[in-house]
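Thanks for coming. I have one structure to show today, and I will keep it short.

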Amino acid sequence: TLLFLVPVDTVDIKAEYDILVNELTKYNPEMLDKERLLVISKCDMLDDELKAELKTQLDKEFKNIPYMFISSVAQQGLQELKDKLWKMLND
């Protein structure tokens, strides 16, 4: 399982993700065959309206890649992230 962590306050989440994938391609392209999970951090910076807009954008840009939101500061989504990673590792 590959975990891609991108902060919500980055200028372009897709561009950040593409940079990470490009670096991984240079380092070890065989790893790109693994299941991926995009984790958007610092989600406590978003209100419900911004989060809904971002979800719409992410649904378009990441059709085949699951994503989730977390916030370490607000302790949001951390248990869900652990559960998701556990499930992905055991499937």
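I will go from the whole chain down to a single residue.

First, a caveat: this is a predicted model. The chain contains three helices and three strands. In sequence order they alternate, giving the pattern β-α-β-α-β-α.

Next, overall dimensions. The C-alpha trace spans about 40 × 30 × 20 Å along its principal axes. The radius of gyration is 13 Å, and a compact globule of 91 residues would have one near 12 Å, so the two agree.

On contacts, take the pairs that are at least 6 residues apart in sequence: 66% of those contacts join residues at least 24 apart.

Now the surface. The accessible surface of the chain is about 6200 Å², and carbon and sulfur atoms account for 51% of that. As for burial, 32% of the 91 residues count as buried.

Charges next. There are 18 negative side chains and 12 positive ones in the chain. The centres of these two sets lie 4 Å apart.

Finally, the single residue, Lys51. Where does Lys51 sit? Lys51 is in helix α2, which covers residues 48–61. Is Lys51 buried, partly exposed or exposed? Its relative accessibility is 24%, and buried requires under 20% while exposed requires over 50%, so Lys51 counts as partly exposed.

Which residues does Lys51 touch, leaving out those up to four places away in sequence? The contacts are Leu46 and Phe69. Phe69 is 18 residues from Lys51 along the chain, and their C-alpha atoms are separated by 9.2 Å.

That is what I have; questions are welcome.

Notes:
Residues are numbered from 1 along each chain as its sequence is written. This is a predicted model: local features need pLDDT of at least 70, side-chain atom pairs count only at pLDDT 80 or more; totals for chains, interfaces and linings use all residues. Side-chain values use heavy atoms; hydrogens and water are left out. Helices (H or I, at least four residues) and strands (E, at least two) are DSSP runs, numbered from the N terminus. The radius of gyration is taken over C-alpha atoms; the globule rule is 2.2 Å times the number of residues to the power 0.38. Buried means under 20% relative accessible area, exposed over 50%, partly exposed in between (1.4 Å probe, protein chains only). Contact means heavy atoms within 4.5 Å. Accessible areas come from the Shrake-Rupley method with a 1.4 Å probe; for residues, only the protein chains shown count as cover. Lys and Arg count as positive and Asp and Glu as negative; His and the chain ends are not counted. The place of a charge is taken as NZ of Lys, CZ of Arg, CG of Asp or CD of Glu.
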